[in-house]
Amino acid sequence: PRVALRVRLLDFRTVVMAAAVCRAPVAVPRAGIACGGVSRLRAVLPGRRLIGAEMKKRVRRSIETAASPVVAAVDGGKTNVLVVGGGGREHALCWRLRQSNTCGELFCSPGNAGIAVEDGVITTAVDETDHAAVVAFCTANAVGLVVCGPEAPLVDGLADSLIASGIPCFGPTKAAARLEGSKGFLKDLLKKYEIPTAKYARFTDSAAAKKYITNEGAPIVVKTDGLAAGKGVIVALDTQTALDAVDDMMVNSAFGAAGDEIVVEEFLGGEEASFFAVVGGGVAVPLQGAQDHKRVGEGDTGLNTGGMGAYSPAPVLTKELTEVVMRTIIQPTVDGMAAEGCPFTGVLFAGLMIENGEVKLLEHNVRFGDPECQVLMARMRGDLVDLLLRAATGMLGDAPVMEWSDDVAAVVVVAANGYPGAYKKGEVITGIEAANLKQGVKVIHAGTTMNGDGEVVSAGGRVLGVVGTGNSVKEATAAAYAGVDAIVWPGGFVRRDIGWRAIERENEA
């Protein structure tokens, strides 16, 4: 189902960039509704209009305009930070990092239209595949911490190059990034260290894979071994779909080299949840859980996507179950990676399946999930720079306990019509500031850029994340949808049932 957002034409001089709502690093005790009918986020992070030439100036702002860089420190000083990436996850990270007391200059490469106007963030264009250029940038600007948002640069070994140059990086080495870069490597590790997961088999021959699937029957799961932009997992409810997936991956090369080898897994039933832990020096610090909606259609139907919405905390992840996850999944993974000679540093994202009080690991990712990162950052209240720098330098054992808002945060993804298939780019989006003016709402840019007139335009499949906060999932999603309804983009759609399982629980309580 696709919900068309209403059309309204505005002169570009009146278009206001949404991300300008965020302001200087002020500790926010709790998100939600403040006295006087103003969102607490809004009360401490007021908006500012950026129009015409000023918007263009902010987008083009170069590194030469930055203030004198501050040398990195873990002793209460300030640290210059570079965030690598340009999606919703990176916008959310920049937003929260900027509010850290220990954040010095904050750079993002390449960023997006929202990050470009986020107060206190300097966007630049350093080719993440050119490791020498990234190192040179960090050296020239006294960057003391690099936070790598997406998985591809990590799998490519960016962290190795930074570490070799003495630059702390929050993210795993190339060898450790195999936890996400190779599903076969992950499954073998889980089996060796007795970490609960689904039964599986690895294949480099399509005929052998098809024979295995025929014997096992459906439902069954077929995965590319390598990275496939979040699209390399087919949950087949019948045998023929699974066999077709094998052909697509291995014979037709629909996912390129990522499908040269595949993993076929047992289908696990239950309720999915995501859990995150920051890891460094063999220590794992738990963050919080979230639940997202992968399917494009309401009622969790249709094709898988990168995520159409999420909420945190995850009701299914009780305190007791969180302790089980840390004891049986997170810490054994950290210990196992160290034993394999590739110690892990970064955020460990555990995709979980929970049924009848038992939990199994579906997959590990080596970066914050998106859109889950957006709701985590909305609830986080501690110093994120300090935490990530401690992880990168092996000092997590002394890290202060991270503080979190008691409120619920929910995000609704605004996607381009046609997603996850073909979609148009370059469509003008307005009403973003009006959305940000709603109580408890923050708009995160994911797939956006600016056109020559300084207007925000679509540049991806998942384009915006509208985050709402409240005392419950029902309140948080209501706030998010109020923000969605203020956005003017006829070429976009949303799911209207984000958080439906949790809301049903709330209504029954």
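How are helix 3 and helix 12 oriented to each other? The legends below start with that pair, and every view comes from a predicted model.

**View 1. Helix 3 packs with helix 12.** Helix 3 (residues 88-98) and helix 12 (residues 372-379) meet at an angle of about 10°, and their axes sit 8 Å apart. Angles under 35 degrees count as roughly parallel, so helix 3 and helix 12 are roughly parallel to each other. On the helix 3 side, look for Gly 88, Arg 89, Ala 92, Leu 93, Trp 95 and Arg 96; they meet Cys 373, Gln 374, Met 377 and Ala 378 in helix 12. Sorted by type, the residues of this contact come out as 6 nonpolar, 2 polar and 2 charged.

**View 2. An open sheet of 4 strands carries helices packed on it.** The strand order is 8-11-9-10, with antiparallel pairing. Strand 8 (200-203) and strand 10 (233-236) are the edges, each pairing on one side only. From one strand to the next, the twist averages 20°. Strand 8 is tied to strand 11 (residues 262-266) by 4 bridges, and Tyr 200 has Glu 265 as its bridge partner in strand 11. Helix 9 (residues 206-216) touches strand 8, strand 9 (220-224) and strand 11, with its direction at about 160° to that of strand 8. Helix 10 (residues 239-251) lies across strand 8, strand 9, strand 10 and strand 11, and runs at about 5° to strand 9.

**View 3. The largest nonpolar core has 50 residues.** Leu 82, Leu 162, Leu 179, Leu 317, Ile 330 and Leu 352 have the most contacts inside this core. Helix 11 (residues 319-339) gives the most to it, with 7 residues. Zoom in on Leu 179: leaving aside neighbours within four places in sequence, its contacts include Phe 185, Leu 189, Met 337, Phe 344 and Val 366. His 364 and Thr 333 are also among them.

**View 4. Two cis peptide bonds each lead into a proline.** Ser 109 and Pro 110 are joined with omega about 0°, and Pro 110 sits in strand 4 (residues 103-110). Ser 312 and Pro 313 are joined with omega about 5°; Pro 313 belongs to the loop between strand 16 (309-312) and helix 11.

**View 5. Glu 194 and Asp 300 have positive phi.** Most residues other than glycine have a negative phi. For Glu 194, phi is near 55°; this residue is in the loop between helix 8 (183-192) and strand 8, and is exposed at 72% relative accessible area. Asp 300 also has phi near 55°, in the loop between strand 14 (295-297) and strand 15 (301-304).

Technical notes. Residues are numbered from 1 along each chain as its sequence is written. This is a predicted model: local features need pLDDT of at least 70, side-chain atom pairs count only at pLDDT 80 or more; totals for chains, interfaces and linings use all residues. Side-chain values use heavy atoms; hydrogens and water are left out. Two strands pair if DSSP finds at least two bridges between them. Helices (H or I, at least four residues) and strands (E, at least two) are DSSP runs, numbered from the N terminus. Axes are lines fitted to C-alpha atoms, for helices over the stretch in contact, and angles run from 0 to 180 degrees between N-to-C directions. Contact means heavy atoms within 4.5 Å. A nonpolar core is a set of buried Ala, Val, Leu, Ile, Met, Phe, Trp, Tyr and Cys residues joined through side-chain atoms within 4.5 Å. Buried means under 20% relative accessible area, exposed over 50%, partly exposed in between (1.4 Å probe, protein chains only). Angles under 35 degrees count as roughly parallel, over 145 as roughly antiparallel, 65 to 115 as roughly perpendicular and the rest as oblique. Ala, Val, Leu, Ile, Met, Phe, Trp, Tyr, Cys and Pro count as nonpolar, Asp, Glu, Lys and Arg as charged, and the others, Gly among them, as polar.
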